[in-house]
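Could you walk me through this structure in a way that a newcomer can follow? I would like to see how individual residues fit into the whole.

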Amino acid sequence: MDPECSQLLPALCSVLADPRQPVADDTCLEKLLDWFKTITEAGSSLLLLQENPCLLGLLCHVLKPQDLSPRVLSFSLRLAGMLAAQEDCFQYLQQGELLPRLFGEAGPLGGAAWTAPSVRSGWIQGLRSLARHPSALCFLADCGAVDTIFSLQGDSSLFVASAAGQLLVHILGLSLQGPAEGHPGLQTGDWPVCAQKIVSHIEESLRSAATPQITQALNVLTTTFGHCHDPWTQVLWGRLSPLVACLLEKDPVPAAHSLVDLLLSVARSPVLSSSSSGLWETLAQTLSHLSPTQAGPLALGILKLQECPQVLRAQAFAVLLQPLTCVLEATAQAPGLLDSLDGTGGASVTVDTLLPSKAACVGLLCRTLAHLELLQPLPQRPSPWPQAPLLGATVTILRLCSGSATPTSDAGGHLCAFLVGCVRVQRAALDFLGTLSQGTGPRELVTQVFAVLLEYLTSPDSSPTVLKKAFQATFRWLQSSPETPGCSDLDPHAHLFLRELLPVLPKRLCSPCWEVRDSGLEFLTQMIGRWGGQAGFRRALLASEVPELTEQLLRDPESYVRASAVAAMGQLSSQGLRVTPASPEHPGGQQKSLLAELLHILSTDSEGFPRRAVMHVFTQWLRDGHADVAGDTERFVARVLQVASQDLDWEVRAQGLELALVFLEQTLGRPSSHCPYAVTPPVAAPPSSLAQALRPLCRVQLFEFAFRALFDCDRPVAQKSCDLLLFLRAQTASYGGPQGSGSVPEVASVEAALQRWQAGDQGQPLGYLEPEVVVAVLRSMDLEGLRGALAESSDRVEKSPQSLLQDVLATVGALGEDEADCY
Amino acid sequence: MKLYCLSGHPTLPCNVLKFKSTTIMLDCGLDMTSTLNFLPLPLVQSPRLSNLPGWSLKDGNAFLDKELKECSGHVFVDSVPEFCLPETELIDLSTVDVILISNYHCMMALPYITEHTGFTGTVYATEPTVQIGRLLMEELVNFIERVPKAQSASLWKNKDIQRLLPSPLKDAVEVSTWRRCYTMQEVNSALSKIQLVGYSQKIELFGAVQVTPLSSGYALGSSNWIIQSHYEKVSYVSGSSLLTTHPQPMDQASLKNSDVLVLTGLTQIPTANPDGMVGEFCSNLALTVRNGGNVLVPCYPSGVIYDLLECLYQYIDSAGLSNIPFYFISPVANSSLEFSQIFAEWLCHNKQTKVYLPEPPFPHAELIQTNKLKHYPSLHGDFSSDFRQPCVVFTGHPSLRFGDVVHFMELWGKSSLNTVIFTEPDFSYLEALAPYQPLAMKCIYCPIDTRLNFIQVSKLLKEVQPLHVVCPEQYTQPPPAQSHRMDLMIDCQPPAMSYRRAEVLALPFKRRYEKIEIMPEPPPRPTQPTGGKKRKRASDDIPDCKVLKPLLSGSIPVEQFVQALEKHGFSDIKVEDTAKGHIVLLQEAETLIQIEEDSTHIICDNDEMLRVRLRDLVLKFLQKF
């Protein structure tokens with residue numbers, strides 16, 4: 001601990017010990033504890049106590065009967081535990097009988113303060129820190145703490161209850177660390193008393209008729225097996241698994257969720273899953289006993305296991321698929337689809353039992369679809385993956401939701417009534433449908449997929465969020481549709497779809513709902529990015545009203561839409577798909593160039609999103625050598641940097657640096673590595689001298705922009721600028737030799753100006769800088785030092801322990817003055 | 001308690017409820033879909049319509065060619081359009097005591113009822129209902145009267161001839177009762193019989209029942225009605241809405257604890273969500289106008305148009321349509337736009353608060369101020385000089401058979417740049433368009449019906465829990481075109497009782513209690529016999545007899561009764577068992593004695609002597625007190 005803090009500490013302790021002083025808020029105390037933790041972890045706690053007797057004083061003081069705030073009491077308990085984590089310090093504290101007084105019956109445990117959850121929580125956390133060594137175990141046993149912990153498992157505060165459970169796990173682990181290690185055969189009867197006590201408690205809880213107690217026991221076991229893979233866990237599971245199996249015989253199965261968690265935790269434990277013979281049977285039994293809703297997570301967990309018997313996997317998969325099987329059955333799908341989904345599911349479940357009410361039906365289907373979505377990309381997903389039936393079921397669900405399915409059976413009718421218009425299921429199904437695009441499917445099913453997607457994209461009833469998902473799924477399916485051999489165009493099937501889709505898009509772009517316009521534009525941008533170069537797509541797009549409408553949306557009242565329109569227009573223009581209407585129907589003659597329009601947005605738009613989007617587009621254009629830019633790149637860069645440097649949004653300024661970097665790379669003759677396929681502008685032959693190389697950068701006033709950014713009040717901008725200048729300095733070094741050091745007075749004046757900038761006075765511009773001056777300034781600047789300073793978090797000063805102590809004292813000090821005033 | 005169902009149209013109901021000796025008519029909607037069978041009435045002479053070929057029978061017989069014209073494979077009556085009235089024969093409408101109107105769409109048949117059936121009662125409705133209803137009637141009369149048509153076709157209505165006609169004329173029901181539109185004079189006379197009421201106002205009818213209008217949330221001043229006595233409560237739910245549009249929200253709580261809930265006026269397009277449709281409307285409008293096309297919106301002069309204008313007010317700037325003129329053409333356009341702004345107390349809370357700012361509750365005021373929305377009584381006059389294209393025109397009538405819309409259909413129908421957007425759900429848009437075929441203009445169907453859908457109904461019923469639900473038969477089964485959609489029907493327990501046109505339902509509850517006041521003195525005899533009008537008071541029913549008749553109780557044992565008859569000389573007695581009791585037949589005397597649980601009738605042919613003899617015999621078996 002540094003001397004400044006040591007000096008402040010006594011004052012702090014007396015403030016904390018004084019019940020009349022308002023205690024600083026909880027976060028301060030938490031920060032203090034964090035600080036003590038770092039100190040005790042780095043050095044000796046005993047030394048800390050000896051050097052700062054005020055700490056011991058505080059701990060003793062809180063034990064006196066007084067009206068101390070629960071926060072301070074809790075803080076002291078935690079501090080004591082933290083200090084006692086080291087055995088020598090523990091002994092030291094024990095000498096003064098301080099620990100039993102803090103944590104034993106005589107302490108807060110028996111007092112009125114115990115009613116405060118924070119005190120109980122502090123007590124548990126103190127013990128949790130303390131329990132690190134064998135002496136601590138004896139202490140726990142002597143002061144009867146374990147029984148208290150048992151009772152705290154059912155505490156009314158969930159935080160306390162959960163911490164109590166974790167403490168039990170910790171104590172169990174600690175007590176078995178020494179003796180049982182290396183003796184997997186050791187029976188629980190030979191375990192330390194403390195461990196035996198905990199195990200008996202768990203057993204008792206598992207036998208209990210009360211669900212909360214069973215839940216507590218299961219949670220303790222789940223945490224134990226999740227964290228500890230020592231051989232003794234094997235012994236423990238061996239002893240307790242029959243009791244767990246007994247739970248399955250009850251109807252309904254109590255604490256099903258916790259039971260599922262436990263079984264999965266056991267199955268994931270390398271020690272347990274390899275040895276315990278009955279585990280897979282128990283899992284199988286559980287799968288068949290639990291209700292479909294409860295069994296879903298278990299089935300998913302089983303399927304995610306790396307190693308697991310094939311039979312069990314099949315059963316789990318069948319359970320997971322049950323709701324979809326039901327859907328297919330109820331809507332009388334082709335039997336072929338059903339067979340492959342039904343698998344080993346055994347007796348098929350009817351819609352009435354599985355999907356009895358609207359709420360149950362919606363919930364179960366959403367969960368099932370989400371589970372399958374998680375499972376699909378995993379390498380251990382069931383094989384063969386029933387792609388076709390899954391596609392069939394998902395399409396059917398989507399049709400039921402939209403009301404376009406025509407079920408013939410009563411069950412199908414009920415299902416239709418439950419699902420029609422249900423946005424939650426629609427979203428889940430569309431997400432899953434998108435995921436399924438990674439596999440293939442029979443031709444007719446793919447046709448159905450596109451048909452149902454089109455139905456959703458066309459329907460006026462699709463809600464904005466559903467529509468967004470439909471757009472996303474559509475893009476994924478179009479992306480996955482096989483390309484025509486020998487040609488990188490869309491396959492004819494997708495083309496057909498596109499022909500129907502394109503008339504829908506204008507309508508969506510005209511929607512009164514901005515979310516719809518926005519997702520329509522995002523979809524369009526993706527589409528152009530992917531197929532903008534392909535003749536068929538280009539023809540279809542140009543024949544539609546989409547490009548014109550997109551341009552109009554640059555003036556949308558909603559900033560998100562404007563931003564998306566900027567991105568879409570950038571793409572359209574990059575691909576040469578921007579329409580320039582010259583027909584007499586559109587008078588107005590001279591149409592503003594898109595570049596001018598985007599510059600206008602950049603300099604005038606009141607919202608940040610469209611301006612950021614413009615910067616992205618400009619950067620991309622520069623990178624790709626867009627025609628509008630390539631004509632007069634320097635003028636373009638100069639103009640953009642000028643506007644960007646004045647922007648209030650730091651992301652725009654940061655993006656300006658990105659653009660500057662691209663320009664710099666291009667100017668210094670390094671081909672851009674970002675986009676290997678882009679047409680690069682004809683780069684001039686590498687300039688012969690450094691001055692010549694830097695001159696274009698000087699002309700566009702890149703340095704003024706970068707230096708200004710270097711002292712930007714937003715750290716990311718300054719960091720980026722620092723990186724850029726460092727990169728530039730490295731580049732100049734490659735030209736070798738201290739070329740042109742520039743006239744000394746000029747360099748000095750620039751440096752002086754930069755110092756003023758750093759001090760916050762950025763009013764005066766640098767004006768045109770000669771390359772020689774730039775090089776000299778760059779070399780004289782301590783950019784590495786600056787980078788180091790920027791890398792530290794901006795609140796490093798405020799976060800220092802000294803500042804923290806001062807803060808706590810300052811709040812109290814103010815009160816002291818008030819008091820003085822009063823008297 | 002009985003319900004006489006005079007209309008089969010679920011959203012244009014007309015029912016008569018007999019309850020505690022009062023006869024109450026619930027709404028009198030006018031089914032105007034009949035006009036779809038007629039040729040449009042063009043404002044300006046249309047060569048296309050006047051040159052349509054006459055229709056002839058398959059055998060070439062052309063005797064109907066003056067009355068029926070053929071257009072693109074459809075046959076239309078070339079005559080003044082006629083409307084299908086509610087049943088007038090099922091019940092004597094002169095006995096109707098009161099008519100309760102729930103909204104302005106459901107009163108369009110009022111002049112036919114009040115002016116031509118001997119009706120002498122009172123009509124109850126809220127002020128906006130009456131005022132806007134008047135506008136709708138005025139517009140209708142104006143549309144039809146300003147294009148006088150000499151020809152009136154009636155030959156085709158002959159039953160034998162009608163059979164030979166092609167569909168849908170062949171299947172049109174009750175064509176003989178179809179009537180021409182009423183006159184303005186009849187409208188005024190009918191409206192003068194209306195008494196204005198406010199929400200939650202309790203109106204006593206003859207001391208027997210109390211009726212109360214409740215806000216139904218569907219339109220300005222629209223109401224549901226509670227009809228209750230001391231021990232019974234009937235709720236009448238007509239067009240209601242739970243959506244947040246301009247009217248005051250629906251009062252659901254007051255519908256609780258009903259014995260019977262009569263449910264009509266649900267959404268006609270249960271599969272279309274109004275929000276989605278408004279979005280569709282806006283996008284299609286924008287796309288058309290952007291391409292230089294005009295948009296035609298056939299609509300009523302009040303109702304959804306207010307909401308559409310409000311949506312457009314928010315939308316036009318974002319869609320870059322600020323320079324596009326919006327025209328609203330109707331003889332009552334001005335009144336409708338102004339009325340909407342003055343009925344503040346009938347508006348939703350949001351709009352009510354605007355009045356106190358003070359701001360006009362509807363933003364169409366601003367559209368008018370900024371000249372973005374212009375309104376005209378007709379396309380003649382100022383409109384023709386102001387008219388600028390591309391534009392958006394709102395005008396009537398949504399059936400496309402009369403009104404200014406006919407002219408715009410003829411004018412714009414040939415260009416595929418133009419679009420007609422149907423927002424009113426009352427008419428099938430394909431049928432409405434039939435006489436304009438072949439048509440190049442685009443047609444968009446965006447029906448906006450804010451009335452309750454089946455999900456909302458099922459929630460409502462769960463909440464208000466009526467003992468019995470009565471509704472049109474259309475609501476008790478899925479729509480014919482979507483027979484699998486079990487969600488598109490009323491699902492309640494016990495199952496809803498359904499009715500159809502011209503059916504009489506005995507409502508399924510028995511009145512168990514009656515509140516009576518016992519006075520120590522016998523009631524004074526009325527000094528003057530009361531007239532036929534307000535005759536339903538309990539005291540009125542006491543016949544003019546000097547002695548009060550004793551009350552009778554007990555049942556008649558049939559066997560003993562037959563023996564008694566035989567003793568008195570009736571020989572050829574035959575007893576038949578019926579569902580409700582027995583019929584004793586005296587064959588020779590051609591006389592019936594119908595003995596049922598709660599009534600005994602002696603039916604003999606004008607032989608008073610015999611009747612009295614038989615009556616005395618019957619009375620011997622009953623106890624008097």
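Here is a short tour, from aromatic rings to cavities, single residues and the backbone.

Keep in mind as you look around that this is a predicted model. Let's begin with the rings. Over all chains, a search of the whole structure turns up 33 aromatic pairs. One of them is formed by Y306(B) and F362(B), whose ring centres are 5.3 Å apart. Their planes make an angle of 45 degrees, and the pair is classed as tilted. What makes this pair a nice one to find on screen is where its two members sit. Y306(B) belongs to helix α7 of chain B, residues 304-315, while F362(B) is in the loop between α9 (349-355) and α10 (364-369). The two are 56 residues apart, and the pair links distant parts of the chain.

Are these two rings buried or exposed? Y306(B) has a relative accessible area of 0%, so it counts as buried. F362(B) is buried too, because its relative accessible area is 1%. F362(B) also has a charged partner: the charged end of K351(B) sits over its ring, 4.9 Å from the centre. In chain A you can look for a similar arrangement, with R708(A) over the face of W757(A), at 4.4 Å from the ring centre. Back in chain B, one aromatic cluster is made up of Y327(B), Y376(B), F383(B), F387(B), F408(B) and W412(B).

Now for the empty spaces. The whole structure holds eight cavities of 30 Å³ or more. The largest has a volume of about 180 Å³. It is lined by 18 residues, and those closest to its centre are H105(B), Y218(B), G303(B), V304(B) and E424(B). By type, this lining consists of seven nonpolar, six polar and five charged residues. The second largest cavity has a volume of about 130 Å³. Among its 14 lining residues, the closest to the centre are M32(B), H105(B), M108(B), Y300(B) and D426(B). Its lining divides into eight nonpolar, three polar and three charged residues.

Next, meet two residues that sit in helices. I368(B) is found in helix α10 of chain B. Its relative accessibility is 27%, so it counts as partly exposed. Setting aside neighbours within four places in sequence, I368(B) is in contact with L337(B), L373(B) and H375(B). T282(A) lies in helix α17 of chain A, residues 279-289. With a relative accessibility of 13%, T282(A) counts as buried because buried means under 20%. Not counting residues up to four places away in sequence, T282(A) touches L248(A) and L263(A).

Finally, let's follow the backbone. Most peptide bonds are trans, and most residues other than glycine have a negative phi. Where can you find a cis peptide bond? One joins Q493(B) and P494(B), with omega about -10 degrees. P494(B) is in the loop between β20 (468-472) and β21 (497-499) of chain B. The bond from G396(B) to H397(B) is cis as well, with omega near 5 degrees. H397(B) is in the loop between β17 (392-395) and α12 (405-412) of chain B.

L400(B) also lies in the loop between β17 and α12. Its phi is positive, near 60 degrees, and its relative accessible area of 0% makes it buried. In chain A, A255(A) has a positive phi near 45 degrees. You will find A255(A) in the loop between α14 (231-249) and α15 (256-268), where it counts as buried at 13% relative accessibility.

Technical notes. Residues numbered from 1 in each chain as written. Chains lettered and ligands numbered in written order. Predicted model: local features only at pLDDT ≥ 70, side-chain atom pairs only at ≥ 80, totals over all residues. Heavy atoms only, no water. Phe/Tyr/Trp six-rings, centres within 6.5 Å; stacked < 30°, edge-to-face > 60°. Helix = DSSP H or I, 4+ residues; strand = E, 2+ residues; numbered from the N terminus. Buried < 20%, exposed > 50% of the residue type's maximum accessible area, 1.4 Å probe, protein only. Lys NZ or Arg CZ within 6 Å of the ring centre and 35° of its normal. 1 Å grid on protein atoms, 1.4 Å probe; cavity = no way out; pocket = protein on both sides within 12 Å on 5 of 7 lines; lining within 4 Å. Points joined across faces, edges and corners; volume = space filled by probe spheres on them. Nonpolar A, V, L, I, M, F, W, Y, C, P; charged D, E, K, R; others polar. Contact = heavy atoms within 4.5 Å.
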